[in-house]
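Here are a few exercises to work through with the model open beside you. Take them in order, and try each one before reading its solution.

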Amino acid sequence: MNILITAAATAHSYKLQRSLNNVDTVFLADSEDLPQVMLKDKKFVKIPLGDSPSFAHLLLTICLDNSIEKVFPLRTAEVFALADSRQLFDEYGIRVIVPVRARIASLLNKGIKGEIVINEDAEKVEFPDRGIFLKDGSSSEVQLFTVD
C-alpha cells in the first residue's frame, strides 16, 4: 500500500510514519522546500498550500499518478480542504483520513498530549469520525493530530 503524509518539514510527519504498519511506500509531501539531506532515501512530493483553491485537485492528481491509497494530512488548512473533497477521493478509492468538516473545529487544539491513534472507520463509537487523533490515556478525550 502506498500512502502520503503531508507536513514533511515537521517532526510530526515522521512520528506518524513510525506509527504506521503494513505500508509499502510512504510519500512525504509539503508546500515548503526541504533540504536534500532530509530527502535521502525518501519519496518527496511538492504540494501547494492547503488553502490554495486547487489544493484538493492537485493532490488527487498526485495520488492517482503514484497509486496512493491513503492520505494523512497534518496541516489544519489541508484537513479542512480535504474534508470538503473526501467524497471525491473516496470515489477514486483513496482514503483521506480526515473527519467531516462540521466536526473539525471541535477537535482542534485541546492541549491533549497522548498517543497517536488512527481511525479509518467512522463507525467506531470511541472516535467522532475518521482521522488522526491524539488520545488522552486517562480519559476519552481526543483531538486531531496536526502540526498547527
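Helices here are DSSP runs of H or I with at least four residues, strands are runs of E with at least two, and both are numbered from the N terminus. Keep in mind that this is a predicted model.

**Exercise 1.** Work out in what order the elements of the protein chain run from the N terminus on.

*Solution.* Begin by counting: the protein chain has 6 helices and 8 strands. Then walk along the chain, and the elements read β-α-β-α-β-α-β-α-α-β-α-β-β-β. Next, check the overall form: the radius of gyration is 14 Å, close to the 15 Å that the globule rule gives for 148 residues, so the protein chain is as compact as a globular protein of that length. Its C-alpha atoms fill a box of roughly 40 × 35 × 30 Å along the principal axes.

**Exercise 2.** Find what share of the residues counts as buried, and describe the exposed surface.

*Solution.* Use the cut-off of under 20% relative accessible area for buried. By that criterion, 47% of the 148 residues are buried. Now turn to the outside: the protein chain exposes about 7700 Å², with carbon and sulfur atoms supplying 48% of it. For the charges, compare the mean positions of the 17 positive and 21 negative ones, which lie 4 Å apart.

**Exercise 3.** Identify the buried residues of helix α4 and their packing partners.

*Solution.* Scan residues 76–84: Thr76, Glu78, Val79, Ala81, Leu82 and Ala83 are buried. Then trace their neighbours: the buried residues of α4 pack against helices α3 (55–65), α5 (86–91) and α6 (101–104), and against strands β4 (68–72), β5 (95–96) and β8 (142–144).

Note on methods. Residues are numbered from 1 along each chain as its sequence is written. This is a predicted model: local features need pLDDT of at least 70, side-chain atom pairs count only at pLDDT 80 or more; totals for chains, interfaces and linings use all residues. Side-chain values use heavy atoms; hydrogens and water are left out. The radius of gyration is taken over C-alpha atoms; the globule rule is 2.2 Å times the number of residues to the power 0.38. Buried means under 20% relative accessible area, exposed over 50%, partly exposed in between (1.4 Å probe, protein chains only). Accessible areas come from the Shrake-Rupley method with a 1.4 Å probe; for residues, only the protein chains shown count as cover. Lys and Arg count as positive and Asp and Glu as negative; His and the chain ends are not counted. The place of a charge is taken as NZ of Lys, CZ of Arg, CG of Asp or CD of Glu. Contact means heavy atoms within 4.5 Å.
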